[in-house]
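Colleague: Hi! Could you walk me through this one while we both look at it?
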Amino acid sequence: MAVSSYVARLRAVIGHELIQMPSVSVVVVDDRARVLLVRHAEDGNGWAVPGGAVDIGESPAQAAVREIREEIGVRISRPRLLDLLGGPDYEVTYPNGDRVAYVTAVYQATIADGEPIPDHEEISELDWFTPSQLAGADLNRFSRALLRATGHLAG
């Protein structure tokens, strides 16, 4: 997980304490209604919706475009805001002990240019999932809650 200089300075003061952080999640869909999911290199917590923190001075929509470009090397077109989510399902404890309560702006988008490829720094693997495959997928808690809340996953 790449950490911004802002978060690094904050963590130097407060350590691993729980912080609230604005973030984005991008539900990338293709013309066959499949959803693109990723596996993060630093943990084995299952498949995830790509995304990340909103940097200072950046809008959530700009963060969505940047995160997808950085993590999987593609350009998305016209991200559409689906929801704004937060709460216990969106709290994460990282392997180093850092605790974050995310408030995530969830966007849906399609790929405008490029072929998705994991960056192998933050993302180790990616794959497309049909709606029926999502139900049995090994999703992390955050992504399972997000996909349910946005209607991409039944239940």
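Colleague: Which residue does Arg39 form a salt bridge with?

Modeller: That would be Glu125. Keep in mind that this is a predicted model. In it, the closest N and O atoms of Arg39 and Glu125 are 3.4 Å apart.

Colleague: And where do those two sit along the chain?

Modeller: Arg39 is in strand β2, residues 35-40, while Glu125 is in strand β7, residues 123-129. The two are 86 residues apart, and the pair links distant parts of the chain.

Colleague: Is Arg39 buried or exposed?

Modeller: Arg39 is partly exposed, at 22% relative accessibility. The cut-off for buried is under 20%, so 22% puts Arg39 in the partly exposed class. Glu125 also counts as partly exposed, with a relative accessible area of 36%.

Colleague: Why would side chains like that pair up at all?

Modeller: Side chains of opposite charge can pair when their charged atoms come close.

Colleague: Nice. How many salt bridges are there?

Modeller: The count comes to 8. Some of the residues involved are linked in a network: Asp55, Glu58, Arg66, Glu67 and Glu70.

Colleague: What does Arg66 do in that network, starting with Asp55?

Modeller: The side chains of Arg66 and Asp55 meet in a salt bridge, with 3.6 Å from N to O. Asp55 lies in the loop between β3 (51-53) and α2 (60-72), and Arg66 is in helix α2, so this bridge ties together parts that are 11 residues apart in sequence. Arg66 also meets the side chain of Glu67 in a salt bridge, at 3.0 Å from N to O.

Colleague: Which of those three are buried, and what about Asp55?

Modeller: Arg66 is buried at 11% relative accessibility, and Glu67 is buried at 6%. Asp55 is partly exposed, at 32%.

Colleague: Okay, let's zoom out. How many helices and strands does the chain have?

Modeller: There are 4 helices and 7 strands. Reading from the N terminus, the order is α-β-β-β-α-β-β-β-β-α-α.

Colleague: What about the overall size?

Modeller: The C-alpha atoms fill a box of roughly 45 × 30 × 30 Å along the principal axes. The radius of gyration is 15 Å, which agrees with the value near 15 Å for a compact globule of 155 residues.

Colleague: How much of the chain is buried?

Modeller: 44% of the 155 residues count as buried. As for the outside, the chain exposes about 8000 Å², and carbon and sulfur atoms supply 50% of that area.

Colleague: What share of the contacts comes from residues 24 or more positions apart?

Modeller: Among contacts with a separation of 6 or more, such residues account for 71%.

Colleague: Last topic: which residues are buried in helix α4?

Modeller: In α4, residues 141-149, the buried ones are Phe142, Ser143, Ala145, Leu146 and Leu147. They pack against several elements, including β1 (19-28), β4 (75-85), β6 (99-113) and helix α3 (131-136).

Colleague: And what follows α4?

Modeller: Gly151 follows, and its phi is positive, near 80°.

Colleague: One more, on charges: how far apart are the mean positions of the positive and negative ones?

Modeller: They are 5 Å apart, for 14 positive and 22 negative charges.

How values were computed:
Residues are numbered from 1 along each chain as its sequence is written. This is a predicted model: local features need pLDDT of at least 70, side-chain atom pairs count only at pLDDT 80 or more; totals for chains, interfaces and linings use all residues. Side-chain values use heavy atoms; hydrogens and water are left out. A salt bridge is a side-chain nitrogen of Lys or Arg within 4 Å of a carboxyl oxygen of Asp or Glu. Buried means under 20% relative accessible area, exposed over 50%, partly exposed in between (1.4 Å probe, protein chains only). The radius of gyration is taken over C-alpha atoms; the globule rule is 2.2 Å times the number of residues to the power 0.38. Contact means heavy atoms within 4.5 Å. Accessible areas come from the Shrake-Rupley method with a 1.4 Å probe; for residues, only the protein chains shown count as cover. Lys and Arg count as positive and Asp and Glu as negative; His and the chain ends are not counted. The place of a charge is taken as NZ of Lys, CZ of Arg, CG of Asp or CD of Glu.
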